[in-house]
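Please examine the sequence and the structure shown below before reading on. The report that follows concerns charged pairs and one helix.

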Amino acid sequence: MAAVVPVPVVGDGPMGLMEALRETLKNAIIVDGVTRGLRESVKRLDKREALLCVLAESTDEKNILKLVEALCREHGINLIKIDDAKKLGEWTGLCKIDKEGPG
């Protein structure tokens with residue numbers, strides 16, 4: 001017997017990957033489940049305390065990308081790459097968004 005899992009719907013159609021990720025991060029922030037920054041994130045990855053890693057690819061330091069990718073691969077942690085660090089910062093609560101937009 002197969003399990004039926006409802007697909008979350010936003011607006012007119014099913015939720016895409018980035019929309020689902022944004023909602024997941026928003027919910028994780030509420031329960032204090034988001035680690036931000038390289039140092040703290042690497043600690044969590046190395047201790048195998050992370051379930052998911054979201055990495056911004058727009059960094060100038062390619063060694064950071066290699067380090068995080070290697071830790072995720074070594075410990076079997078899922079990795080999602082985002083092209084825009086500002087967008088990831090907004091999603092993880094590193095900037096405040098008011099009625100006029102991000103600020």
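The text below treats the helix α3 and then the salt bridges.

**Helix α3**

The structure is a predicted model. Helix α3 covers residues 62-75. It contains 14 residues, and the distance from its first C-alpha to its last is 20 Å, close to the 20 Å expected at 1.5 Å a residue. Directly after α3 comes Gly-76, which has a positive phi near 70°.

Which residues of α3 are buried? They are Leu-65, Val-68, Leu-71, Cys-72 and His-75. When the helix is viewed down its axis, these buried residues fall within an arc of 140°, so they line one face of α3. A general property of helices is relevant here: an α-helix has 3.6 residues a turn, so residues three or four places apart point the same way.

The buried residues of α3 pack against three elements, namely α2 (38-46), β3 (52-56) and β4. The other side of the helix carries the exposed residues Asn-63, Lys-66, Arg-73 and Glu-74.

**Salt bridges**

Side chains of opposite charge can pair when their charged atoms come close. A search of the whole structure finds 5 salt bridges. The table presents some of them, with the distance between nitrogen and oxygen.

| Residue | Partner | N to O distance |
|---|---|---|
| Arg-44 | Glu-49 | 3.3 Å |
| Glu-69 | Lys-81 | 2.4 Å |
| Asp-83 | Lys-87 | 3.9 Å |

The salt bridge of Glu-69 with Lys-81 involves helix α3 itself. This pair links distant parts of the chain: Glu-69 belongs to α3, whereas Lys-81 belongs to strand β4 (residues 78-82), and the two are 12 residues apart. Strand β4 is also one of the elements against which the buried residues of α3 pack.

Are the paired residues Glu-69 and Lys-81 buried or exposed? Neither word applies in full: Glu-69 has a relative accessible area of 21% and is therefore partly exposed, and Lys-81, with 37%, is partly exposed as well. The value for Glu-69 may be set beside the cut-off, because buried means under 20% relative accessible area.

In the pair of Arg-44 and Glu-49, the side chains meet in a salt bridge. Arg-44 is partly exposed at 39% relative accessibility, and Glu-49 is partly exposed at 45%.

The pair of Asp-83 and Lys-87 also forms a salt bridge. Asp-83 counts as exposed, with a relative accessibility of 55%, while Lys-87 counts as partly exposed at 28%.

Notes:
Residues are numbered from 1 along each chain as its sequence is written. This is a predicted model: local features need pLDDT of at least 70, side-chain atom pairs count only at pLDDT 80 or more; totals for chains, interfaces and linings use all residues. Side-chain values use heavy atoms; hydrogens and water are left out. A salt bridge is a side-chain nitrogen of Lys or Arg within 4 Å of a carboxyl oxygen of Asp or Glu. Buried means under 20% relative accessible area, exposed over 50%, partly exposed in between (1.4 Å probe, protein chains only). Helices (H or I, at least four residues) and strands (E, at least two) are DSSP runs, numbered from the N terminus. The expected span of a helix is 1.5 Å times one less than its number of residues. The arc is that of the directions from the helix axis to the C-beta atoms. Contact means heavy atoms within 4.5 Å.
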